[in-house]
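Good morning, everyone, and thank you for making room for this on the agenda. I would like to walk you through one model, starting from single residues and working outwards to the interior as a whole.

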Amino acid sequence: MNSSEQRRQSVSEDYTKAVKNPATGCCCSPVPKGVVAKLAGYTDDEVAALPTEAVVNSFGCGNPLAFSAVKPGDVVLDLGSGAGIDLLLAAKKVGRSGEVIGVDMTDAMIERARENVAAAGLENVEVRKGIIEDLPVETGTVDWVISNCVINLSPEKPRVFAEIARVLRPGGMMLVSDIVADGLPKEIAANRHLYSSCLAGAIDEKAYLDGLRGAGLAEVEVKDRFVYDTTQIEAFIGSELSDSESSNCCGSGQGALAKKWAPRLAGHIASVKVSARKPRE
Ligand SMILES: C[S@@+](CC[C@H](N)C(=O)[O-])C[C@H]1O[C@@H](n2cnc3c(N)ncnc32)[C@H](O)[C@@H]1O
């Protein structure tokens with residue numbers, strides 16, 4: 001197994017634990033999981049209309065579909081669909097004539113998403129097992145690629161950007177919410193728990209946007225940016241949710257690390273919403 005495969009395996013193990021125990025787990029945001037959905041930009045109406053299981057197992061850092069022009073009949077692909085919160089929201093937007101595809105590598109997440117899709121009575125959603133670096137999706141078949149706090153977890157981001165460009169139809173759009181960070185110290189960047197928590201693998205905003213452009217996407221733009229302050233970063237790094245190193249993937253005794261680094265990293269970590277379009281040839 002090469003180092004990228006090892007990284008994916010460790011992330012997948014952490015998300016398996018997280019979905020099996022909603023009270024702990026990976027926090028891709030400075031707020032505890034479970035209230036993330038409300039604070040990440042989903043409206044009260046959106047949250048109220050979803051199965052509770054989809055909301056408590058939401059691990060995102062934004063609402064990639066907010067303000068999107070997704071319309072009935074469209075095909076939407078969600079990279080790292082997790083327990084399915086954005087699949088359910090997208091399914092409502094595309095209606096019965098449209099199609100929603102989720103791709104995730106973690107069996108427990110796929111199972112949870114399928115349960116949530118069934119509970120919502122949706123027939124236009126399919127959850128596929130695969131990695132976002134090698135999508136199980138045909139070339140040029142997707143109107144929208146969405147993703148919520150997942151690309152930061154990829155050890156091979158250029159492959160992900162290339163896959164987004166491959167699967168989109170000409171003129172198709174990408175809308176992703178993700179974490180970006182600049183100047184992460186080695187002590188943070190090398191921390192396994194903080195990798196699964198969506199921090200250690202984050203790249204800086206310019207590299208992210210350049211990566212998308214390098215893959216051939218156009219109109220690359222940051223639509224929204226939420227920059228974390230010291231208190232929020234302290235919560236992000238030092239989540240109080242667990243005191244056991246082995247029980248989950250974030251907040252495992254990272255208090256000292258949080259105190260040390262949060263003031264210095266304030267202003268350097270953000271949740272962004274990025275859009276891009278595949279040129280029409
Ligand atoms: C932070 S969670 C986000 C889940 C979902 N998007 C949400 O908003 O709740 C990350 C998800 O991405 C999946 N994931 C991470 N890296 C992946 C990869 N390289 N390929 C496929 N899935 C991946 C994990 O299994 C997990 O379900």
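**A walk through the interior**

Ile101, with a relative accessibility of 4%, counts as buried, and I should say at once that this is a predicted model, so that every value I quote is to be heard with that in mind. Ile101 is found in strand 2, and its C-alpha lies 4.8 Å from that of Leu77, although 24 residues separate Ile101 and Leu77 in sequence.

Two further residues can be described in the same manner. Phe161, which lies in helix 7, is buried at 3% relative accessibility, and between Phe161 and Ile132, which are 29 residues apart in sequence, the C-alpha distance is 9.2 Å. Ala276 belongs to strand 7, residues 269–277, and is buried with a relative accessible area of 0%; the C-alpha atoms of Ala276 and Ala165 are separated by 9.6 Å, with the two positions 111 residues apart along the chain.

Let me turn from single residues to the nonpolar cores. The largest nonpolar core has 32 residues, and those that touch the most other members are Tyr15, Ile179, Ile188, Ile237, Leu265 and Ile269. Two or more residues of this core come from each of helix 1, helix 6 (107–119), strand 5 (168–181), helix 9, helix 11 (230–237) and helix 12 (255–265), and it is helix 12 that gives the most, with five residues. There is also a second, separate core of 30 residues, which includes Val103, Ile151, Phe161 and Val167, and there we meet Phe161 of helix 7 again.

Next come the aromatic rings. A pair of aromatic rings is described by the distance of the centres and the angle of the planes. The structure holds four aromatic pairs, and in one of them, that of Tyr228 and Phe236, the ring centres are 5.8 Å apart and the planes stand at 80 degrees, so the pair is edge-to-face, given that planes over 60 degrees apart are counted in that class. Both partners are buried, Tyr228 with a relative accessible area of 3% and Phe236 at 1% relative accessibility. Ring pairs also link Tyr228 and Phe236 with Phe226 into a cluster.

Rings meet charges in this model as well. Arg7 lies over the face of Tyr195, at 3.7 Å from the ring centre, and the charged end of Arg264 sits over the ring of Trp261, at 4.5 Å from the centre of that ring.

What is the value of phi at Cys149, a residue other than glycine? Phi of Cys149 is near 65 degrees, which is positive, and the background here is that most residues other than glycine have a negative phi. Cys149 is placed in the loop between strand 4 (142–148) and helix 7 (157–167), and at 3% relative accessibility Cys149 counts as buried. A second cysteine shows a positive phi too, for Cys198 has a value near 75 degrees. Cys198 lies in the loop between helix 9 (192–196) and helix 10 (205–214), and with 0% relative accessibility Cys198 is likewise buried.

I come lastly to the empty space. Rolling a probe the size of a water molecule over the atoms shows where empty space is left. How many cavities of 30 Å³ or more does the count give? The count comes to one, and the largest cavity has a volume of about 400 Å³. The lining of the largest cavity is made up of 33 residues, of which Gly80, Gly82, Asp104, Val150 and Leu153 are the closest to its centre. The elements that give two or more residues to the lining are helix 1 (3–20), helix 5 (85–94) and strand 2 (99–104), and the largest share, four residues, comes from helix 1. By class, the lining of the largest cavity has 16 nonpolar, 12 polar and five charged residues.

To draw two threads together, helix 1 is among the elements that give two or more residues to the largest nonpolar core, and helix 1 also gives the largest share of the cavity lining. Strand 2, the strand of Ile101 with which I began, is likewise among the elements that give two or more residues to that lining. Thank you, and I am glad to go back to any of these residues on the screen.

Note on methods: Residues numbered from 1 in each chain as written. Predicted model: local features only at pLDDT ≥ 70, side-chain atom pairs only at ≥ 80, totals over all residues. Heavy atoms only, no water. Phe/Tyr/Trp six-rings, centres within 6.5 Å; stacked < 30°, edge-to-face > 60°. Buried < 20%, exposed > 50% of the residue type's maximum accessible area, 1.4 Å probe, protein only. Lys NZ or Arg CZ within 6 Å of the ring centre and 35° of its normal. 1 Å grid on protein atoms, 1.4 Å probe; cavity = no way out; pocket = protein on both sides within 12 Å on 5 of 7 lines; lining within 4 Å. Points joined across faces, edges and corners; volume = space filled by probe spheres on them. Nonpolar A, V, L, I, M, F, W, Y, C, P; charged D, E, K, R; others polar. Core = buried A, V, L, I, M, F, W, Y, C linked by side-chain atoms within 4.5 Å.
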